[in-house]
Amino acid sequence: IDALWQTVIENSDDLYEEQKEQMKSQIKAAFGEETIKSNMESASAIYPDKPVKKGDKWIINTSVDGDIKIKVATEYELLDFTSEYALIKGNAIIEPLDSEAAGMMPMKFDFSGSQIAEIKVDINTGWIIEAKTTQEIEGEIEMNMGGSQQGNEEVKISMKMVQETLVTN
């Protein structure tokens, strides 16, 4: 992930080196490895707060707390229940908790996304046997590059991220 952002920023010919370093720092904090780990942790928050039967649905609200704070509202459904596993489907809506983040460079966000998950859980242990997720986030990030030789410069980055994850035991 970090290498991807490094490439994007290094290929931005219209930015000064100082601006590139600021962008790298800010984006790494917002969409870097630690944020991805936090996303994975919130993806395992799948269990209902009461017993459920096949066809039952429940909602879990989570958040990712980084420089960009994200809220995730997921509706889960118990699709199947066998003697070995429970099959759970999740549909999530992803949105920023705040449209602005402070840091070395003030940033504004306008994005939203979704996540679809199919999860097999061992009914004896409660451990996830397998989880397949597809996450899509699309929108814009606007950064104020501050005082530069060109004056106060605003940079907009359009983004579309698609992340597919497979977790197995």
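Here's a quick briefing on the fold, cores, charged pairs and a few individual residues of this chain. Keep in mind that this is a predicted model. The chain has three helices and seven strands, and along the sequence they come in the order α-α-α-β-β-β-β-β-β-β. Of its 169 residues, 36% count as buried.

**Overall numbers**

- Take the contacts between residues at least 6 apart in sequence: 53% of them join residues at least 24 apart.
- The accessible surface adds up to about 10200 Å², and carbon and sulfur atoms account for 48% of that.

**Nonpolar cores**

- The largest nonpolar core contains 17 residues. If you want to find it on screen, look for I70, F109, F111, I141 and M143, the residues with the most contacts inside it.
- Several strands feed this core: β2 (70-81), β3 (85-96), β5 (107-122), β6 (128-148) and β7 (151-168) each put in at least two residues.
- There's also a second, separate core of eleven residues, with Y76, A86, I88 and I119 among them.
- Back in the largest core, F111 is worth a click. Leaving out residues up to four places away in sequence, F111 touches I68, I70, P96, I137, E138, G139 and M159.

**Strand β1 and its partner**

- β1 has two faces: W58, I60, T62 and V64 sit on the covered one, while K57, I59, N61 and S63 make up the uncovered one.
- β1 runs antiparallel to β2, and eight bridges join the two.
- One residue from the uncovered face, N61, has A73 in β2 as its bridge partner.

**Salt bridges**

- Side chains of opposite charge can pair when their charged atoms come close.
- A search of the whole structure turns up four salt bridges; three of them are picked out below.
- K53 pairs with D56, with 3.4 Å between the closest N and O atoms. K53 has 55% relative accessibility, so it counts as exposed. D56 comes in at 22% and is therefore partly exposed.
- K54 pairs with D80, and here the closest N and O atoms are 3.8 Å apart. This one links distant parts of the chain: K54 is in the loop between α3 (33-43) and β1 (57-64), D80 is in strand β2, and 26 residues separate them. K54 is exposed because its relative accessibility is 55%, whereas D80 is partly exposed at 25%.
- K71 and E95 meet through their side chains at 3.6 Å, N to O. This pair also links distant parts of the chain, with K71 in strand β2 and E95 in strand β3, 24 residues apart. Both ends are partly exposed: K71 has a relative accessible area of 37% and E95 has 34%.

**Two residues in β5**

- Is Q115, in strand β5, buried or exposed? The cut-off for buried is under 20% relative accessible area, and Q115 has 16%, so it counts as buried.
- The side chain of Q115 makes a polar contact of 2.8 Å with the side chain of Q135.
- K120 is in strand β5 too, but it is partly exposed because its relative accessible area is 28%.
- Which residues does K120 touch, not counting those up to four places away in sequence? The list is Y85, A86, L87, W127, I128, I129 and E130. One of these, A86, belongs to the second core.
- The C-alpha atoms of K120 and K89 are 9.0 Å apart, though their positions lie 31 residues apart along the chain.

**Over in helix α1**

- V8 is part of helix α1 (residues 2-10).
- With a relative accessibility of 38%, V8 counts as partly exposed.
- From the C-alpha atom of V8 to that of K20 is 9.9 Å, and the two residues are twelve apart along the chain.

Key
Residues are numbered from 1 along each chain as its sequence is written. This is a predicted model: local features need pLDDT of at least 70, side-chain atom pairs count only at pLDDT 80 or more; totals for chains, interfaces and linings use all residues. Side-chain values use heavy atoms; hydrogens and water are left out. A nonpolar core is a set of buried Ala, Val, Leu, Ile, Met, Phe, Trp, Tyr and Cys residues joined through side-chain atoms within 4.5 Å. Buried means under 20% relative accessible area, exposed over 50%, partly exposed in between (1.4 Å probe, protein chains only). Helices (H or I, at least four residues) and strands (E, at least two) are DSSP runs, numbered from the N terminus. Contact means heavy atoms within 4.5 Å. Accessible areas come from the Shrake-Rupley method with a 1.4 Å probe; for residues, only the protein chains shown count as cover. A polar contact is a pair of N or O atoms within 3.5 Å; within protein, one must be able to donate a hydrogen and the other to accept it, and residues adjacent in sequence count only if both atoms are side-chain atoms. Two strands pair if DSSP finds at least two bridges between them.
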